[in-house]
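Take a look at the chain below before reading on. The paragraphs that follow go through its charged pairs, its nonpolar parts and the confidence of the model.

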Amino acid sequence: MITITISATLPQLRPPPCPNRKNCLEASNHQLWILYAALALMSFGTGGLRPCVLTFAADQFDMTKHNNKKNWNFFNWYYFCMGMSSLLALTIVVYIQDNISWGWGLGVPTIAMGLSLVAFVLGSSLYRKIKPNGSPFVRVAQVVSAALKKRKLGPRPIDPRALYENRELDADITTKGRLVHSNQFKWLDRAAIVTDSDTKELKPDQKPNLWNLATVHRVEEVKTIIRMLPISSASILLVASNSPLQSFTIQQARTMDRNLTPAFQIPPATMLIFSTLTALTTVPLYERLFVPFARRFTGNPSGITCLQRMGIGIGINILSTIASAVIETKRKSVAAEYNLLDEPTAVIPISVFWLVPQYCLHGLAEVFMAVGHIEFLYDQSPESMRSTAAALYWIAIAMGNYVSTVMVTLVHKCSGETRNWLPDRNLNRGRLENFYWLVTGVQVVNLAYYVVCAWFYTYKPVEEIEVCDDVEI
């Protein structure tokens, strides 16, 4: 953040201003390298922060199922706080960037980040800290290695109780509960078969060679991650569909009437505020009204399951893209009525507030899909792999953004130059509504894929551990 703020402040680190957007000078190589270095540092920092802040915050609460009714709203309020930060960014920060300078527009969040770091460090003595117990990737590799080494063994034991268990060995990674044997992916069970050579190596005071023999709990950790991957992957196409929509709606907003008063215009990027406001409004309503209402019918402390919540979110997002296509058709019809199709910089006499419904639907979909996805990853991941599972959320977003780039590139290439759906300079002569309908079709296919995955999904089998008067139950 410091690097990118400096690059926006010092004239020698950025190209000169170009208010008329004609014959503008491009950034030099060293200016681009500084920008890319700043973005790379932000990416590394984000990769370390986002997966861990969620699970670390959740570790401060009792998130076991018997306390679900009281505490399971943590994920809703976590998302609410994220929405508040977005709201500040889309109002105060965007206003500073548009009306004061990019230096201050980037400097304010840089100062806020510095203050948050100070606050985090000062509160370190108050946190509940979980003891680190090695890399989960090593345990996954050990289970796969042991299973492959024993692939030529005879039939697996019929009774799963014959598989290897060692509660003392797994104590540090099962503080909240042990995973019990499941009947899926049985080929991995071979990792827990005790052979004659394993028996010879097993000693009372010495742990086994985990590259040759794994406990049932560790085998089930791998099974759980495998089960989660198809569900989590459904968000890739969702992000791929949403990512370009945000940039295109800003382009649409630039061509529309944005006047609130004769002296004040809404910045195009600020239109995203309606999505954020919808999310901020829906989160408390979901928590206080929807959950108690749904609980009466389902008996679920959370109202509905996280899988049902994600499915509803995908469905609402389809409605959002349908609204986008209809509204773009309306915008272009008004442009044609006033002979403005060939005037890319002209303001079309149609209110920018026509874009509000699609933003509101998108915000509503986020409350269901994003929070449901986060809840699913935390609840269903193995206890010792929750940060790793939370990283899947952000990995899916990253992959979705790459897929969206491929999607836009293919549309550019296949739609040709004369009737390009997504023209670079004149959106009025494009076929953006066709792109929205294409995205709608992709999301319908994605919803069908998700429903199949959710239908066959098996929740992790866990045996919760409670401690009463220092006695494990």
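A salt bridge is a side-chain nitrogen of Lys or Arg within 4 Å of a carboxyl oxygen of Asp or Glu. In this predicted model, Asp 189, Glu 220 and Lys 223 are linked in a network of such bridges. The structure holds eight salt bridges.

Within the network, Lys 223 and Asp 189 meet through their side chains, with 2.8 Å from N to O. Lys 223 belongs to helix 8 and Asp 189 to the loop between strand 1 and helix 7 (196–201), so the bridge ties together parts that are 34 residues apart in sequence. Are these two residues buried or exposed? Buried means under 20% relative accessible area. Lys 223 has 0% relative accessibility, so it counts as buried. Asp 189 is also buried, because its relative accessible area is 5%.

Helix 8 also holds Arg 218, which pairs with Asp 170 in the loop between helix 6 (136–149) and strand 1 (177–179), 48 residues apart. The closest N and O atoms of this salt bridge are 2.9 Å apart. Arg 218 counts as buried because its relative accessibility is 9%, and Asp 170 is buried at 4%.

A bridge can also sit within one helix: Arg 331 and Glu 328 both lie in helix 10, three residues apart, about one turn of the helix. Their side chains meet at 2.9 Å, N to O. Arg 331 is buried at 0% relative accessibility, and Glu 328 is buried with a relative accessible area of 0%.

Next come the nonpolar residues. The largest nonpolar core has 33 residues, and Ile 231 and Phe 376 have the most contacts inside it. Elements that give two or more residues to this core include helix 2 (29–58), helix 8 (216–254) and helix 13 (432–456). Helix 11 provides the largest share, eight residues. Among the residues that Ile 231 touches are Leu 307, Phe 376 and Tyr 450. A second, separate core has 21 residues, including Ile 266 and Tyr 359.

Other nonpolar residues are on the surface. Ile 100, Trp 104, Val 108, Ile 111 and Leu 115 form a patch there, with about 530 Å² of accessible area together. Leu 115 lies in helix 5 (residues 102–122) and counts as exposed because its relative accessibility is 57%.

Finally, confidence. The chain averages a pLDDT of 84, and 94% of the residues score at least 70. Helix 13 has the highest mean among the elements, 93, and strand 7 (residues 467–468) the lowest, 47. Over residues 467–472 the pLDDT is below 50.

Note on methods: Residues are numbered from 1 along each chain as its sequence is written. This is a predicted model: local features need pLDDT of at least 70, side-chain atom pairs count only at pLDDT 80 or more; totals for chains, interfaces and linings use all residues. Side-chain values use heavy atoms; hydrogens and water are left out. A nonpolar core is a set of buried Ala, Val, Leu, Ile, Met, Phe, Trp, Tyr and Cys residues joined through side-chain atoms within 4.5 Å. Buried means under 20% relative accessible area, exposed over 50%, partly exposed in between (1.4 Å probe, protein chains only). Helices (H or I, at least four residues) and strands (E, at least two) are DSSP runs, numbered from the N terminus. Contact means heavy atoms within 4.5 Å. Patches are made of residues with over 30% relative accessible area and no salt bridge: like charges are joined within 9 Å, nonpolar side chains (Val, Leu, Ile, Met, Phe, Trp, Tyr) within 5 Å. Accessible areas come from the Shrake-Rupley method with a 1.4 Å probe; for residues, only the protein chains shown count as cover. pLDDT is the predictor's confidence in each residue, from 0 to 100. Lists of a residue's contacts leave out its neighbours within four places in sequence.
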